[in-house]
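Trainee: I am new to this structure and would be grateful for a close look at a single part of it. Please begin with one helix and then set that helix in its surroundings.

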Amino acid sequence: MAERMLQFVRLSQQTPEKRPATIRREDFDEIYKRFEPSKAAEQASRCSQCGVPFCSVHCPLQQNIPDWLKLTAEGRLEEAYEVNSATNTFPEICGRVCPQDRLCEGNCVIEKGFESVTIGAVERYINDTAWEKGWVKPPKPVRELDLSVGIIGAGPAGLSAAERLRSQGWQVHVYDRYDRAGGLMIYGIPNFKLEKDVITRRTAQFAEGGIRFHMNCEIGRDVTMEELRSRHDAVLIATGVYKARDIEVPGSHLEGVVPAMDFLTASNRKGLGDSVPEFDSGALNAKGKRVVVIGGGDTAMDCLRTSIRQDAASVTCLYRRDKANMPGSMREVHNAEEEGVRFSWLTAPEGFEGEGSVTGVRVTRMHLGLPDATGRQQVEPIPGSSFIESADLVIKALGFDPEDLPVMFNEPGLKVSRWGTLAVDRRTMMTSLPGVFAAGDIVRGASLVVWGIRDGRDVADRIAEYVMARDSVAQAAE
(Lines give C-alpha, C1' and ligand atoms only; values in the text may rest on other atoms or scores of the structure.)
Protein backbone atom coordinates (compact mmCIF):
# COMPACT_ATOMS: atom_id res chain seq x y z
CA MET A 1 0.00 0.00 0.00
CA ALA A 2 2.84 2.37 0.81
CA GLU A 3 3.92 2.39 -2.82
CA ARG A 4 0.47 3.32 -4.06
CA MET A 5 -0.95 5.48 -1.28
CA LEU A 6 0.11 8.32 1.06
CA GLN A 7 1.50 10.21 -1.92
CA PHE A 8 0.32 13.58 -0.57
CA VAL A 9 3.84 14.21 0.70
CA ARG A 10 5.20 14.39 -2.86
CA LEU A 11 2.16 15.06 -5.06
CA SER A 12 0.29 18.35 -4.84
CA GLN A 13 -3.47 18.64 -4.97
CA GLN A 14 -4.87 19.02 -8.48
CA THR A 15 -8.40 19.33 -9.75
CA PRO A 16 -9.41 18.49 -13.31
CA GLU A 17 -8.62 21.22 -15.80
CA LYS A 18 -11.16 24.03 -15.62
CA ARG A 19 -12.13 25.76 -18.83
CA PRO A 20 -11.15 29.46 -18.88
CA ALA A 21 -13.87 31.79 -17.63
CA THR A 22 -13.87 33.77 -20.89
CA ILE A 23 -14.79 30.58 -22.77
CA ARG A 24 -17.11 28.83 -20.33
CA ARG A 25 -19.30 31.89 -19.81
CA GLU A 26 -20.30 31.60 -23.47
CA ASP A 27 -22.05 28.23 -23.08
CA PHE A 28 -23.80 25.95 -20.60
CA ASP A 29 -21.33 23.06 -20.82
CA GLU A 30 -19.83 21.66 -17.63
CA ILE A 31 -16.86 23.77 -16.60
CA TYR A 32 -14.50 20.98 -15.50
CA LYS A 33 -12.90 18.56 -17.92
CA ARG A 34 -12.57 14.92 -16.96
CA PHE A 35 -9.50 13.57 -15.23
CA GLU A 36 -7.07 11.70 -17.40
CA PRO A 37 -6.80 8.11 -16.05
CA SER A 38 -3.23 8.65 -14.88
CA LYS A 39 -4.16 11.89 -13.11
CA ALA A 40 -7.17 10.32 -11.41
CA ALA A 41 -5.01 7.48 -10.09
CA GLU A 42 -2.35 9.98 -9.05
CA GLN A 43 -4.78 12.15 -7.10
CA ALA A 44 -6.45 9.12 -5.50
CA SER A 45 -3.02 7.96 -4.33
CA ARG A 46 -2.72 11.10 -2.19
CA CYS A 47 -5.20 9.57 0.29
CA SER A 48 -3.56 8.94 3.65
CA GLN A 49 -5.76 5.87 4.38
CA CYS A 50 -6.33 7.19 7.89
CA GLY A 51 -7.81 4.87 10.52
CA VAL A 52 -10.77 7.16 11.23
CA PRO A 53 -11.66 8.67 7.83
CA PHE A 54 -13.30 12.00 8.55
CA CYS A 55 -14.22 12.26 4.85
CA SER A 56 -16.58 9.30 5.35
CA VAL A 57 -17.83 10.58 8.70
CA HIS A 58 -18.84 13.91 7.14
CA CYS A 59 -20.42 12.36 4.04
CA PRO A 60 -24.21 12.07 4.57
CA LEU A 61 -24.02 8.68 2.85
CA GLN A 62 -20.98 7.66 4.91
CA GLN A 63 -19.32 6.28 1.82
CA ASN A 64 -16.22 4.10 2.07
CA ILE A 65 -14.18 6.83 0.43
CA PRO A 66 -10.65 5.63 1.29
CA ASP A 67 -11.51 2.19 -0.12
CA TRP A 68 -12.55 3.40 -3.55
CA LEU A 69 -9.70 5.89 -3.65
CA LYS A 70 -7.23 3.04 -3.04
CA LEU A 71 -8.85 0.91 -5.74
CA THR A 72 -8.66 3.83 -8.18
CA ALA A 73 -4.99 4.38 -7.39
CA GLU A 74 -4.38 0.70 -8.14
CA GLY A 75 -6.24 0.90 -11.45
CA ARG A 76 -9.06 -1.38 -10.22
CA LEU A 77 -11.83 0.91 -11.46
CA GLU A 78 -14.65 -1.60 -11.74
CA GLU A 79 -14.13 -2.57 -8.12
CA ALA A 80 -13.94 1.11 -7.18
CA TYR A 81 -17.29 1.63 -8.88
CA GLU A 82 -18.85 -1.32 -7.03
CA VAL A 83 -17.70 0.01 -3.67
CA ASN A 84 -18.80 3.56 -4.49
CA SER A 85 -22.23 2.61 -5.84
CA ALA A 86 -22.94 0.27 -2.93
CA THR A 87 -23.66 3.27 -0.71
CA ASN A 88 -24.70 5.88 -3.29
CA THR A 89 -27.60 5.66 -5.74
CA PHE A 90 -26.34 8.60 -7.84
CA PRO A 91 -22.54 8.78 -7.45
CA GLU A 92 -22.05 10.43 -10.85
CA ILE A 93 -24.38 13.23 -9.71
CA CYS A 94 -22.83 13.66 -6.27
CA GLY A 95 -19.39 13.88 -7.89
CA ARG A 96 -20.67 16.93 -9.75
CA VAL A 97 -23.00 18.83 -7.41
CA CYS A 98 -22.04 17.94 -3.84
CA PRO A 99 -20.34 20.79 -1.94
CA GLN A 100 -17.27 18.66 -1.28
CA ASP A 101 -15.44 21.69 0.09
CA ARG A 102 -17.91 21.66 3.01
CA LEU A 103 -18.31 17.88 3.36
CA CYS A 104 -15.78 15.16 2.52
CA GLU A 105 -12.90 17.26 1.18
CA GLY A 106 -13.47 19.97 3.77
CA ASN A 107 -12.91 17.38 6.50
CA CYS A 108 -9.94 15.57 4.98
CA VAL A 109 -7.32 15.16 7.72
CA ILE A 110 -4.32 15.67 5.46
CA GLU A 111 -2.41 18.61 6.88
CA LYS A 112 -3.74 21.74 5.26
CA GLY A 113 -0.40 22.74 3.84
CA PHE A 114 -0.68 19.70 1.59
CA GLU A 115 -4.40 20.25 0.87
CA SER A 116 -7.17 17.64 0.74
CA VAL A 117 -7.70 14.82 -1.73
CA THR A 118 -9.88 15.81 -4.72
CA ILE A 119 -12.57 13.29 -3.78
CA GLY A 120 -15.43 14.68 -5.86
CA ALA A 121 -13.51 14.75 -9.13
CA VAL A 122 -12.27 11.18 -8.62
CA GLU A 123 -15.84 10.04 -7.88
CA ARG A 124 -17.05 11.63 -11.10
CA TYR A 125 -14.21 9.98 -13.05
CA ILE A 126 -14.98 6.52 -11.63
CA ASN A 127 -18.65 6.70 -12.50
CA ASP A 128 -18.35 8.33 -15.92
CA THR A 129 -15.97 5.49 -16.75
CA ALA A 130 -18.48 2.97 -15.37
CA TRP A 131 -21.20 4.28 -17.69
CA GLU A 132 -18.86 4.16 -20.69
CA LYS A 133 -17.79 0.62 -19.88
CA GLY A 134 -21.35 -0.61 -19.33
CA TRP A 135 -20.83 -1.51 -15.67
CA VAL A 136 -23.95 0.37 -14.54
CA LYS A 137 -26.95 -1.96 -14.70
CA PRO A 138 -30.71 -1.42 -14.30
CA PRO A 139 -32.16 -2.30 -10.88
CA LYS A 140 -33.48 -5.75 -11.85
CA PRO A 141 -34.25 -7.99 -8.86
CA VAL A 142 -33.45 -11.67 -8.46
CA ARG A 143 -37.14 -12.39 -7.79
CA GLU A 144 -40.34 -10.40 -7.99
CA LEU A 145 -42.37 -9.69 -4.85
CA ASP A 146 -46.12 -9.28 -4.68
CA LEU A 147 -45.63 -5.92 -2.97
CA SER A 148 -46.04 -2.46 -4.41
CA VAL A 149 -45.15 1.06 -3.35
CA GLY A 150 -46.40 4.39 -4.66
CA ILE A 151 -43.79 7.14 -4.51
CA ILE A 152 -44.89 10.77 -4.84
CA GLY A 153 -42.01 12.80 -6.23
CA ALA A 154 -39.28 11.92 -8.74
CA GLY A 155 -36.46 13.83 -7.08
CA PRO A 156 -33.34 12.44 -5.35
CA ALA A 157 -35.19 11.03 -2.32
CA GLY A 158 -38.02 9.46 -4.30
CA LEU A 159 -35.75 7.96 -6.96
CA SER A 160 -33.28 6.60 -4.40
CA ALA A 161 -36.10 4.85 -2.56
CA ALA A 162 -37.51 3.59 -5.86
CA GLU A 163 -34.20 2.05 -6.91
CA ARG A 164 -33.61 0.40 -3.55
CA LEU A 165 -37.08 -1.15 -3.33
CA ARG A 166 -37.08 -2.23 -6.97
CA SER A 167 -33.75 -4.00 -6.43
CA GLN A 168 -35.47 -6.00 -3.69
CA GLY A 169 -38.28 -7.03 -6.05
CA TRP A 170 -40.99 -4.50 -5.21
CA GLN A 171 -43.37 -3.19 -7.87
CA VAL A 172 -42.52 0.50 -7.85
CA HIS A 173 -44.70 3.32 -9.20
CA VAL A 174 -43.40 6.90 -9.17
CA TYR A 175 -45.90 9.78 -9.49
CA ASP A 176 -44.73 13.29 -10.35
CA ARG A 177 -46.54 16.46 -11.37
CA TYR A 178 -43.85 17.46 -13.87
CA ASP A 179 -43.17 16.06 -17.32
CA ARG A 180 -39.65 14.78 -16.58
CA ALA A 181 -38.23 12.81 -13.68
CA GLY A 182 -35.41 14.28 -11.64
CA GLY A 183 -37.02 17.03 -9.60
CA LEU A 184 -34.71 19.97 -8.97
CA MET A 185 -31.87 18.01 -10.58
CA ILE A 186 -33.56 18.39 -13.97
CA TYR A 187 -35.12 21.85 -13.70
CA GLY A 188 -33.28 23.57 -10.85
CA ILE A 189 -29.58 22.83 -11.44
CA PRO A 190 -28.02 24.41 -14.56
CA ASN A 191 -26.16 22.36 -17.16
CA PHE A 192 -22.78 23.88 -16.33
CA LYS A 193 -22.98 22.00 -13.03
CA LEU A 194 -25.00 18.97 -14.09
CA GLU A 195 -25.67 18.16 -17.73
CA LYS A 196 -29.14 16.78 -18.19
CA ASP A 197 -28.17 13.55 -19.94
CA VAL A 198 -26.49 12.51 -16.68
CA ILE A 199 -29.96 12.45 -15.12
CA THR A 200 -32.00 11.20 -18.08
CA ARG A 201 -29.77 8.17 -18.65
CA ARG A 202 -30.37 7.18 -15.01
CA THR A 203 -34.13 7.54 -15.14
CA ALA A 204 -34.24 5.70 -18.48
CA GLN A 205 -32.33 2.87 -16.88
CA PHE A 206 -34.70 2.84 -13.91
CA ALA A 207 -37.61 2.49 -16.33
CA GLU A 208 -35.77 -0.36 -18.06
CA GLY A 209 -35.42 -2.02 -14.66
CA GLY A 210 -39.19 -2.00 -14.16
CA ILE A 211 -39.83 1.22 -12.24
CA ARG A 212 -43.03 2.74 -13.65
CA PHE A 213 -43.21 6.51 -14.00
CA HIS A 214 -46.52 8.39 -14.00
CA MET A 215 -45.59 11.89 -15.14
CA ASN A 216 -47.84 14.95 -15.27
CA CYS A 217 -49.75 13.35 -12.42
CA GLU A 218 -50.80 15.68 -9.63
CA ILE A 219 -51.93 14.18 -6.34
CA GLY A 220 -55.26 15.61 -5.31
CA ARG A 221 -56.19 16.37 -8.92
CA ASP A 222 -55.41 13.31 -11.05
CA VAL A 223 -55.35 10.77 -8.25
CA THR A 224 -56.28 11.01 -4.59
CA MET A 225 -54.25 9.92 -1.59
CA GLU A 226 -57.04 7.49 -0.73
CA GLU A 227 -56.69 5.86 -4.17
CA LEU A 228 -52.91 5.62 -3.82
CA ARG A 229 -53.20 4.00 -0.41
CA SER A 230 -55.65 1.44 -1.77
CA ARG A 231 -53.45 0.65 -4.80
CA HIS A 232 -50.20 0.12 -2.92
CA ASP A 233 -48.90 -1.62 0.18
CA ALA A 234 -47.16 1.61 1.17
CA VAL A 235 -46.92 5.19 -0.03
CA LEU A 236 -43.88 7.47 0.16
CA ILE A 237 -44.15 11.26 -0.02
CA ALA A 238 -40.90 12.73 -1.35
CA THR A 239 -42.10 15.92 -3.02
CA GLY A 240 -39.28 18.21 -1.92
CA VAL A 241 -39.94 21.86 -1.13
CA TYR A 242 -40.82 24.25 -3.96
CA LYS A 243 -42.54 27.24 -2.36
CA ALA A 244 -40.22 30.21 -2.81
CA ARG A 245 -39.54 32.35 0.22
CA ASP A 246 -40.49 35.93 -0.47
CA ILE A 247 -39.38 39.30 0.78
CA GLU A 248 -42.10 41.69 1.84
CA VAL A 249 -40.83 45.06 0.74
CA PRO A 250 -42.40 47.80 -1.42
CA GLY A 251 -42.36 47.09 -5.14
CA SER A 252 -42.41 43.29 -4.95
CA HIS A 253 -45.28 43.28 -7.47
CA LEU A 254 -43.25 45.06 -10.19
CA GLU A 255 -42.65 43.36 -13.50
CA GLY A 256 -39.10 42.02 -13.61
CA VAL A 257 -39.02 40.86 -9.98
CA VAL A 258 -39.08 37.06 -10.26
CA PRO A 259 -38.51 33.95 -8.10
CA ALA A 260 -35.28 32.03 -8.66
CA MET A 261 -36.96 28.75 -9.56
CA ASP A 262 -39.06 30.36 -12.30
CA PHE A 263 -35.89 31.81 -13.82
CA LEU A 264 -33.86 28.57 -13.59
CA THR A 265 -36.71 26.37 -14.83
CA ALA A 266 -37.21 28.58 -17.89
CA SER A 267 -33.49 28.40 -18.70
CA ASN A 268 -33.30 24.63 -18.21
CA ARG A 269 -36.45 24.00 -20.25
CA LYS A 270 -35.03 26.11 -23.06
CA GLY A 271 -31.86 24.06 -22.95
CA LEU A 272 -33.92 20.88 -23.16
CA GLY A 273 -35.59 22.15 -26.33
CA ASP A 274 -38.99 23.04 -24.84
CA SER A 275 -41.11 25.96 -25.96
CA VAL A 276 -40.78 28.59 -23.22
CA PRO A 277 -42.84 31.72 -24.04
CA GLU A 278 -41.68 33.54 -20.87
CA PHE A 279 -38.07 33.07 -21.94
CA ASP A 280 -38.68 34.13 -25.54
CA SER A 281 -40.57 37.24 -24.44
CA GLY A 282 -37.66 38.30 -22.25
CA ALA A 283 -39.59 38.05 -18.98
CA LEU A 284 -37.34 35.23 -17.75
CA ASN A 285 -34.31 35.96 -19.89
CA ALA A 286 -31.34 38.00 -18.67
CA LYS A 287 -30.00 38.96 -22.11
CA GLY A 288 -28.90 42.60 -22.18
CA LYS A 289 -30.29 43.32 -18.71
CA ARG A 290 -28.84 44.63 -15.48
CA VAL A 291 -29.45 41.64 -13.23
CA VAL A 292 -29.54 41.71 -9.45
CA VAL A 293 -29.78 38.43 -7.53
CA ILE A 294 -30.79 38.53 -3.85
CA GLY A 295 -29.41 35.68 -1.75
CA GLY A 296 -26.20 33.84 -0.89
CA GLY A 297 -26.92 30.13 -1.30
CA ASP A 298 -26.23 27.71 -4.12
CA THR A 299 -29.48 28.64 -5.87
CA ALA A 300 -28.33 32.26 -5.96
CA MET A 301 -25.00 31.15 -7.47
CA ASP A 302 -26.90 29.19 -10.13
CA CYS A 303 -28.97 32.27 -11.01
CA LEU A 304 -25.90 34.52 -11.16
CA ARG A 305 -23.91 32.20 -13.38
CA THR A 306 -26.92 31.48 -15.62
CA SER A 307 -27.42 35.24 -16.11
CA ILE A 308 -23.78 35.59 -17.19
CA ARG A 309 -24.30 32.89 -19.82
CA GLN A 310 -27.49 34.56 -21.05
CA ASP A 311 -25.36 37.62 -21.85
CA ALA A 312 -26.65 39.99 -19.18
CA ALA A 313 -25.32 43.55 -19.28
CA SER A 314 -24.23 43.24 -15.63
CA VAL A 315 -24.76 40.74 -12.83
CA THR A 316 -24.71 41.69 -9.15
CA CYS A 317 -25.32 39.61 -6.03
CA LEU A 318 -26.74 41.27 -2.93
CA TYR A 319 -26.02 39.39 0.28
CA ARG A 320 -26.70 40.73 3.74
CA ARG A 321 -23.70 39.06 5.38
CA ASP A 322 -20.05 38.90 4.40
CA LYS A 323 -18.29 36.37 2.19
CA ALA A 324 -17.18 34.19 5.10
CA ASN A 325 -20.81 33.72 6.17
CA MET A 326 -22.25 32.73 2.81
CA PRO A 327 -24.24 29.47 3.03
CA GLY A 328 -23.35 28.44 -0.52
CA SER A 329 -20.25 26.54 -1.62
CA MET A 330 -17.12 28.72 -1.67
CA ARG A 331 -16.10 26.89 -4.82
CA GLU A 332 -19.24 28.16 -6.54
CA VAL A 333 -18.65 31.70 -5.27
CA HIS A 334 -15.12 31.60 -6.69
CA ASN A 335 -16.39 30.32 -10.05
CA ALA A 336 -18.97 33.11 -10.17
CA GLU A 337 -16.33 35.75 -9.42
CA GLU A 338 -14.12 34.37 -12.20
CA GLU A 339 -17.00 34.61 -14.65
CA GLY A 340 -17.66 38.28 -13.94
CA VAL A 341 -20.26 38.39 -11.16
CA ARG A 342 -19.99 41.37 -8.82
CA PHE A 343 -20.72 40.66 -5.16
CA SER A 344 -22.08 43.39 -2.95
CA TRP A 345 -21.46 42.10 0.57
CA LEU A 346 -23.33 43.29 3.67
CA THR A 347 -26.22 44.75 1.69
CA ALA A 348 -29.95 44.06 1.99
CA PRO A 349 -32.92 45.22 -0.13
CA GLU A 350 -35.36 47.73 1.32
CA GLY A 351 -37.63 47.87 -1.70
CA PHE A 352 -37.84 47.86 -5.49
CA GLU A 353 -37.97 51.00 -7.59
CA GLY A 354 -39.94 51.55 -10.77
CA GLU A 355 -43.36 52.20 -12.25
CA GLY A 356 -44.80 49.06 -13.80
CA SER A 357 -41.37 47.51 -14.36
CA VAL A 358 -38.46 47.38 -11.95
CA THR A 359 -35.64 49.88 -12.53
CA GLY A 360 -33.63 49.39 -9.38
CA VAL A 361 -33.31 47.98 -5.89
CA ARG A 362 -33.20 50.29 -2.90
CA VAL A 363 -30.44 48.82 -0.76
CA THR A 364 -29.17 49.49 2.75
CA ARG A 365 -25.74 48.59 4.03
CA MET A 366 -25.47 46.20 6.97
CA HIS A 367 -22.92 45.38 9.63
CA LEU A 368 -22.39 42.24 11.68
CA GLY A 369 -23.25 42.63 15.35
CA LEU A 370 -23.07 40.36 18.36
CA PRO A 371 -23.70 36.61 18.03
CA ASP A 372 -27.22 35.32 18.71
CA ALA A 373 -28.16 32.17 20.63
CA THR A 374 -26.91 29.99 17.75
CA GLY A 375 -23.50 31.67 17.77
CA ARG A 376 -24.05 33.38 14.43
CA GLN A 377 -23.51 37.14 14.28
CA GLN A 378 -26.66 39.20 14.01
CA VAL A 379 -27.10 41.52 11.03
CA GLU A 380 -28.01 45.13 11.67
CA PRO A 381 -28.66 47.98 9.19
CA ILE A 382 -26.41 51.03 9.10
CA PRO A 383 -28.61 54.15 9.40
CA GLY A 384 -28.48 56.52 6.45
CA SER A 385 -26.57 54.10 4.20
CA SER A 386 -29.26 53.48 1.57
CA PHE A 387 -28.48 53.60 -2.15
CA ILE A 388 -30.08 52.48 -5.42
CA GLU A 389 -28.72 49.49 -7.34
CA SER A 390 -29.91 49.76 -10.95
CA ALA A 391 -31.71 46.68 -12.24
CA ASP A 392 -33.91 45.50 -15.10
CA LEU A 393 -34.31 41.98 -13.68
CA VAL A 394 -34.32 41.10 -9.98
CA ILE A 395 -34.14 37.43 -9.02
CA LYS A 396 -35.16 36.44 -5.49
CA ALA A 397 -33.09 33.44 -4.36
CA LEU A 398 -34.07 33.40 -0.70
CA GLY A 399 -34.63 29.70 -0.22
CA PHE A 400 -37.64 27.39 -0.26
CA ASP A 401 -40.42 26.42 2.11
CA PRO A 402 -42.78 23.42 1.94
CA GLU A 403 -46.09 23.72 0.16
CA ASP A 404 -49.27 23.03 2.13
CA LEU A 405 -49.50 19.32 1.32
CA PRO A 406 -52.60 18.53 3.44
CA VAL A 407 -54.48 21.09 1.33
CA MET A 408 -52.83 20.18 -2.00
CA PHE A 409 -53.46 16.47 -1.47
CA ASN A 410 -56.88 17.09 0.11
CA GLU A 411 -55.73 14.95 3.01
CA PRO A 412 -56.27 16.76 6.34
CA GLY A 413 -54.99 13.71 8.22
CA LEU A 414 -51.42 14.55 7.21
CA LYS A 415 -49.82 16.30 10.17
CA VAL A 416 -47.15 18.94 9.65
CA SER A 417 -44.50 20.51 11.87
CA ARG A 418 -44.50 24.16 12.89
CA TRP A 419 -42.28 24.81 9.85
CA GLY A 420 -44.81 23.22 7.47
CA THR A 421 -42.70 20.13 6.80
CA LEU A 422 -44.35 16.73 7.17
CA ALA A 423 -44.25 15.37 10.70
CA VAL A 424 -42.85 11.84 10.87
CA ASP A 425 -41.85 9.32 13.51
CA ARG A 426 -38.07 9.70 13.40
CA ARG A 427 -37.52 5.99 13.94
CA THR A 428 -39.96 4.62 11.36
CA MET A 429 -40.12 7.66 9.03
CA MET A 430 -43.90 7.18 8.90
CA THR A 431 -46.30 10.11 8.79
CA SER A 432 -49.50 10.44 10.81
CA LEU A 433 -51.21 8.20 8.21
CA PRO A 434 -50.51 4.45 8.66
CA GLY A 435 -48.50 3.06 5.77
CA VAL A 436 -47.65 6.54 4.43
CA PHE A 437 -44.00 7.54 4.79
CA ALA A 438 -42.11 10.74 4.00
CA ALA A 439 -38.46 11.55 3.29
CA GLY A 440 -36.16 14.18 1.87
CA ASP A 441 -36.65 17.92 1.91
CA ILE A 442 -40.36 17.66 2.70
CA VAL A 443 -39.26 16.36 6.12
CA ARG A 444 -35.90 18.02 6.78
CA GLY A 445 -36.47 21.28 4.87
CA ALA A 446 -34.49 22.54 1.87
CA SER A 447 -31.20 20.68 1.80
CA LEU A 448 -28.63 18.98 -0.44
CA VAL A 449 -29.07 16.32 -3.12
CA VAL A 450 -26.85 13.97 -1.12
CA TRP A 451 -29.14 14.23 1.93
CA GLY A 452 -32.12 13.43 -0.31
CA ILE A 453 -30.33 10.30 -1.48
CA ARG A 454 -29.54 9.29 2.10
CA ASP A 455 -33.13 9.82 3.22
CA GLY A 456 -34.50 7.89 0.24
CA ARG A 457 -32.30 4.89 0.92
CA ASP A 458 -33.18 4.94 4.62
CA VAL A 459 -36.93 5.22 4.11
CA ALA A 460 -36.89 2.33 1.62
CA ASP A 461 -35.58 0.09 4.39
CA ARG A 462 -38.17 1.41 6.85
CA ILE A 463 -40.97 0.76 4.33
CA ALA A 464 -39.80 -2.82 3.75
CA GLU A 465 -39.58 -3.47 7.50
CA TYR A 466 -43.06 -2.07 8.12
CA VAL A 467 -44.82 -3.99 5.36
CA MET A 468 -43.07 -7.28 6.15
CA ALA A 469 -43.96 -6.94 9.86
CA ARG A 470 -47.57 -6.00 9.06
CA ASP A 471 -47.98 -8.95 6.72
CA SER A 472 -46.44 -11.33 9.27
CA VAL A 473 -48.91 -10.19 11.91
CA ALA A 474 -51.80 -10.57 9.47
CA GLN A 475 -50.73 -14.11 8.53
CA ALA A 476 -50.34 -15.09 12.18
CA ALA A 477 -53.87 -13.89 12.89
CA GLU A 478 -55.40 -16.04 10.15
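Mentor: Let us take helix α4, in which Ile65, Pro66, Trp68, Leu69, Leu71, Thr72 and Ala73 are buried. The model is a predicted one. Helix α4 spans residues 65–73 and is mostly covered, with seven of its nine residues buried. Those buried residues pack against four helices: α2, α3, α5 (77–86) and α7 (119–133). After α4 comes glycine 75, which has a positive phi, near 80 degrees.

One residue of α4 leads us further into the structure. Leu69, which is buried in α4, belongs to the largest nonpolar core, a group of 74 residues. Together with Ile93, Trp170, Val172, Leu236 and Ile463, Leu69 touches the most other members of that core. The element that gives the most to this core is helix α18 (residues 449–477), with eight residues. In soluble globular proteins, nonpolar side chains tend to be buried together. A second core, separate from this one, has 28 residues, among them Val291, Met301, Leu304 and Ile395.

Isoleucine 463 shows what such a core member meets: leaving aside residues up to four places away in sequence, isoleucine 463 touches Val149, Leu165, Trp170, Ala234, Leu236 and Phe437. Of these contacts, Val149 directs us to strand β1, where Val149 and Ile151 point one way and Ser148, Gly150 and Ile152 point the other, all of them buried. In a regular strand the side chains alternate between the two faces of the sheet. Strand β1 covers residues 148–152, and five of its five residues are buried. Strand β2 (residues 171–175) runs parallel to β1 and is joined to it by five bridges. Within this pairing, serine 148 stands opposite glutamine 171 of β2.

Let us return to the surroundings of α4. One of its packing partners is α2, and the loop from α2 (37–44) to α3 (54–57) holds arginine 46. Which side chain of opposite charge is nearest to arginine 46? That side chain is glutamate 115, 7.4 Å away; arginine 46 is buried yet has no salt bridge. A salt bridge requires the charged atoms to lie within 4 Å. The side chain of arginine 46 does have a polar atom 3.0 Å from the backbone oxygen of serine 116. Not counting residues up to four places away in sequence, arginine 46 touches several residues, including Leu6, Phe8, Leu11, Ile110, Phe114, Glu115, Ser116 and Val117.

Definitions and conventions:
Residues are numbered from 1 along each chain as its sequence is written. This is a predicted model: local features need pLDDT of at least 70, side-chain atom pairs count only at pLDDT 80 or more; totals for chains, interfaces and linings use all residues. Side-chain values use heavy atoms; hydrogens and water are left out. Helices (H or I, at least four residues) and strands (E, at least two) are DSSP runs, numbered from the N terminus. Buried means under 20% relative accessible area, exposed over 50%, partly exposed in between (1.4 Å probe, protein chains only). Lys and Arg count as positive and Asp and Glu as negative; His and the chain ends are not counted. A polar contact is a pair of N or O atoms within 3.5 Å; within protein, one must be able to donate a hydrogen and the other to accept it, and residues adjacent in sequence count only if both atoms are side-chain atoms. Contact means heavy atoms within 4.5 Å. A nonpolar core is a set of buried Ala, Val, Leu, Ile, Met, Phe, Trp, Tyr and Cys residues joined through side-chain atoms within 4.5 Å. Two strands pair if DSSP finds at least two bridges between them.
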